[in-house]
Amino acid sequence: MPPTARRKTTISHDTIPFILVTGPMRSGTTLMGELLYSRAYREPRHPHLAFDNNEGRTVAAVGTDRAPTAQDLTAIYREILALAPSPDPKVLGAKVTHRALAQIEALEVIFPKLVLVICVRDPVAIYRSHRARGALSAATALQICRAINVNEALITARTDALIVEYDDLVRRPELAIRRVLAAADLDPDHYDWASLRQGRVATNSSFAPAGAAQFTLDHGLRRTPARGPVSRLERALIETVCEATFRRLNLPLTATKAERDGLRALFPSGL
């Protein structure tokens, strides 16, 4: 009798959906990734989804220094399954912050069925979250704002993307999860909702310690209070650099147009 053939998993890049979660740092990308695959607990949330929550390097490298190749498919597949093993993976995914349009299009060459999820957040809240982790220089603050602008340009260019606003994700995580699963043709009935009800969500500096008392599908996550005020000048600078995001999210602009124009005149190459 011939030896039993070893079962080989094959995957076609023409048919498999790939979920890419991106956005500026501190915009909710890590939380969105944790809700798709628990890096903290090493548990899949859905049996058919293998999702790398920012541990691998292969996806992040696509489109950064060369054109994508056929070898990238195999490398991505192997890395994701090693980092985020799932019982029966039919969809792959990864979280990578700060993706520009060219990098998205390069990944789409490998995975034409790309599900693009873009996380967004109030720019002032992003700034405060960064500052809570350590002092910010003027150059770093400007870099944060420019990353928000790159994300805004991506939203404008990719009208097919799923936009996940941070406050909505925190208040009603189930809605965001269901939207992503539907876009990737994954049955929500197979999602491990029980793990969320039990509070198996990793802690983060923006959130209270994980636990059933802090998290429910109906009431979302309980955040720790925002730390430290933002000065009028700081806010004016953020509004000036990230004005497009403020307007799209219908956030109030407290600085006058004359003040914003004045800041642009003072820093013509920076703002």
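Contact here means heavy atoms within 4.5 Å, and with that in hand the helix pairs of this predicted model can be read residue by residue. In helix 10, Arg-232, Leu-233, Ala-236, Leu-237, Glu-239 and Thr-240 meet helix 12. The partners on the helix 12 side are Glu-259, Arg-260, Leu-263 and Arg-264. Sorted by class, the contact of helix 10 with helix 12 has 5 charged, 4 nonpolar and 1 polar residues. The axes of helix 10 and helix 12, the latter spanning residues 257–266, come within 9 Å and cross at roughly 80°. Because angles of 65 to 115 degrees count as roughly perpendicular, helix 10 is roughly perpendicular to helix 12.

A step back to the whole protein helps to place this pair. The protein holds 12 helices and 9 strands. Of its 271 residues, 45% are buried. The accessible surface amounts to about 13600 Å², and carbon and sulfur atoms account for 55% of that area. Among contacts with a separation of 6 or more, 72% join residues 24 or more positions apart.

Helix 10 (residues 232–241) also packs against helix 5 (residues 123–132), at an angle of about 125° and with the axes 10 Å apart. Helix 5 and helix 10 are therefore oblique to each other, and helix 5 passes helix 10 in a right-handed crossing. From helix 5, the residues taking part are Pro-123, Val-124, Tyr-127 and Arg-131. They are met by Glu-234, Arg-235 and Ile-238 of helix 10. This contact of helix 5 with helix 10 comprises 4 nonpolar and 3 charged residues, with no polar ones.

The pairing of helix 1 (residues 29–36) with helix 8 (residues 173–183) can be described in the same terms. Their axes come within 11 Å and cross at roughly 70°, so helix 1 and helix 8 are roughly perpendicular to each other. Here, too, the crossing is described: helix 1 passes helix 8 in a right-handed manner. Met-32, Leu-35 and Leu-36 of helix 1 meet Pro-173, Ala-176, Ile-177 and Val-180 of helix 8. By class, the contact of helix 1 with helix 8 has 7 nonpolar residues, no polar and no charged.

Individual residues add further detail, beginning with Ser-129 in helix 5. Ser-129 has a relative accessibility of 10% and therefore counts as buried, the limit for that class being under 20%. The C-alpha atom of Ser-129 is separated by 6.6 Å from that of Arg-26, although the two residues are 103 residues apart along the chain.

Arg-26 itself sits in the loop between strand 1 (18–22) and helix 1. With a relative accessible area of 15%, Arg-26 is buried. Its backbone deserves a look as well, given that most residues other than glycine have a negative phi. Arg-26 is not a glycine, yet its phi is positive, at about 75°.

Asn-250 likewise has a positive phi, of about 60°, without being a glycine. Asn-250 belongs to the loop between helix 11 (243–248) and helix 12. Its relative accessible area is 68%, which means that Asn-250 is exposed, as values over 50% fall in that class. Of these two loop residues, then, Arg-26 is buried, whereas Asn-250 is exposed.

Conventions:
Residues are numbered from 1 along each chain as its sequence is written. This is a predicted model: local features need pLDDT of at least 70, side-chain atom pairs count only at pLDDT 80 or more; totals for chains, interfaces and linings use all residues. Side-chain values use heavy atoms; hydrogens and water are left out. Axes are lines fitted to C-alpha atoms, for helices over the stretch in contact, and angles run from 0 to 180 degrees between N-to-C directions. Helices (H or I, at least four residues) and strands (E, at least two) are DSSP runs, numbered from the N terminus. Angles under 35 degrees count as roughly parallel, over 145 as roughly antiparallel, 65 to 115 as roughly perpendicular and the rest as oblique. A crossing is left-handed if the near helix is turned anticlockwise from the far one by less than a right angle, and right-handed if clockwise. Ala, Val, Leu, Ile, Met, Phe, Trp, Tyr, Cys and Pro count as nonpolar, Asp, Glu, Lys and Arg as charged, and the others, Gly among them, as polar. Buried means under 20% relative accessible area, exposed over 50%, partly exposed in between (1.4 Å probe, protein chains only). Accessible areas come from the Shrake-Rupley method with a 1.4 Å probe; for residues, only the protein chains shown count as cover.
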